[in-house]
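Colleague: I have this model open and would like to learn how to read its surface, core and sheet. Could you walk me through them?

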Amino acid sequence: ELARAEAARDDALAAWKPYEDLHRQREELQQQRQKWQRAVERAEQQQPRSMLDPPQYDNVPGVDLESSIHGRIATLVSLKDNSHSFAISAGVGGKLFMVVVDSDDITRTLIDRARLRQRTSFLPLNKLPARPFDPQRVAMAEAIAKEHGGWAKHCTDLVTYEARFEGAVQKTFGGLMLVSDLEVAKAIANSRAALRCITPDGDLTNPNGVMTGGAKSGVRDIMAEAAAWRQNATGDMTPKMQLARATREVEAIDRRLQEGQPIRQRLQQCAARADQLRTQLSQSSAGGIENRIAAAERDAQGATQAAASVGSGFYQVCALLLERLCGIRVDVAAVVPGQFGRRRHELKRGVGLEEVLQVPPKGKTTVIVCNHRTRLDWMLLWMVLARVPGALFALRIVLKGELGRMPFFGWAMQSFRFVFMSRKWADDEATLPPPPAAGPVG
């Protein structure tokens with residue numbers, strides 16, 4: 001049952017792995033958001049806030065307000081002739097501060113949930129028909145202006161804008177004519193065209209007879225301010241755009257993480273179940289037996305290593321004593337890598353030994369075959385290995401089984417885990433490991 005619980009935990013962990021990567025991505029994006037937020041705040045502190053800036057509001061979770069708010073209508077159009085700036089500003093007035101948004105749903109969200117910092121009028125594009133103002137009335141006004149020796153231009157023809165803002169532009173500038181003089185304005189306003197007219201000096205005439213004019217000092221040239229605002233805002237757009245991008249990506253990751261919550265809960269449940277079963281197993285009799293077996297294996301391994309260490313020291317002492325007592329000198333004829341032919345290489349303690357013999361890495365085995373040129377070649381091998389650090393510790397000798405029954409020496413060799421063979425495969429098959437699979441000869 002514990003094995004099944006751990007397998008279920010591992011499966012849940014593998015399923016949760018992609019969401020862990022999303023967590024890391026979210027942390028990185030959050031750092032980027034903070035960076036760009038600081039950049040935007042610095043830019044706002046360095047430049048005072050303008051009435052042409054987008055409205056200030058709080059973010060609403062799950063709603064992409066940033067990309068749905070396009071800005072003040074004055075900042076979304078450009079004049080074809082800047083000399084008309086004052087007249088159009090006087091004729092349109094406060095409508096130039098209206099904010100263009102994608103839909104009336106966004107408008108309701110801003111008003112109800114986003115805590116707008118100032119009172120704002122909106123132009124929802126989904127509610128504004130994207131068709132030109134009545135062309136017959138415009139043509140009639142142009143003809144009347146010609147009859148009076150002047151000219152008249154519809155204000156929507158004096159600005160440029162993106163096609164998607166057609167409805168908002170017609171709502172703001174439609175029905176307003178820029179005319180050559182006040183006489184033409186009165187003629188058009190009182191005709192069947194019945195359109196509002198503005199002169200280049202800013203004098204406004206309405207079809208209902210109301211006229212507005214006089215000093216220019218009290219009239220803001222909003223269109224000129226909007227042109228300057230666009231130039232200043234261009235340099236500030238990069239931090240704002242990067243902040244909006246990072247915000248959108250974080251919200252997308254949050255939605256994906258929300259989808260992965262069932263997997264996370266399953267992972268927590270599987271991990272808790274595995275821990276509970278492991279605790280129960282350790283407290284049960286089976287767990288106690290398992291722990292005692294593991295402890296016994298550790299003790300046996302430690303004793304084996306200790307015996308091998310003692311044996312290694314015993315071998316080394318015996319080899320060195322034999323050299324000294326018998327006056328034996330150890331010379332080995334070996335092929336040295338990178339050399340042609342053979343040369344004799346005298347082994348000395350710690351000098352050049354790596355050229356003749358290398359200790360195999362952990363987990364690997366080296367087989368050394370002695371040709372029995374003498375009865376003591378196995379002892380001479382000890383003398384060689386005594387000079388290689390760690391070699392005697394891993395030494396295992398394959399020899400006749402009868403030698404394992406010798407008093408003292410046989411018992412010692414059994415303790416050193418030597419491999420005894422009867423030289424009969426029926427008896428030795430259980431002792432020796434299976435032969436390796438055939439492969440290329442290296």
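Colleague: How much area does the protein expose?

Modeller: Accessible areas come from the Shrake-Rupley method with a 1.4 Å probe, and for residues only the protein chains shown count as cover. Here the protein exposes about 28,100 Å², with carbon and sulfur atoms supplying 53% of it. Bear in mind that this is a predicted model, where local features need pLDDT of at least 70, side-chain atom pairs count only at pLDDT 80 or more, and totals for chains, interfaces and linings use all residues. Residues are numbered from 1 along each chain as its sequence is written, and side-chain values use heavy atoms, leaving out hydrogens and water.

Colleague: Which residues have the most contacts inside the largest nonpolar core?

Modeller: In soluble globular proteins, nonpolar side chains tend to be buried together. A nonpolar core is a set of buried (under 20% relative accessible area, 1.4 Å probe, protein chains only) Ala, Val, Leu, Ile, Met, Phe, Trp, Tyr and Cys residues joined through side-chain atoms within 4.5 Å. The largest one here has 31 residues, and I73, I88, V100 and F173 have the most contacts inside it. Helix α7 (a DSSP run of H or I, at least four residues) gives the most to this core, 4 residues.

Colleague: What is the strand order in the open sheet?

Modeller: Strands are DSSP runs of E, at least two residues, numbered from the N terminus, and two of them pair if DSSP finds at least two bridges between them. The order is β1-β3-β4, with mixed pairing. β1 and β4 stand at the edges with a single partner strand each, so one side of each lacks a neighbour in the sheet.

Definitions and conventions
Buried < 20%, exposed > 50% of the residue type's maximum accessible area, 1.4 Å probe, protein only.
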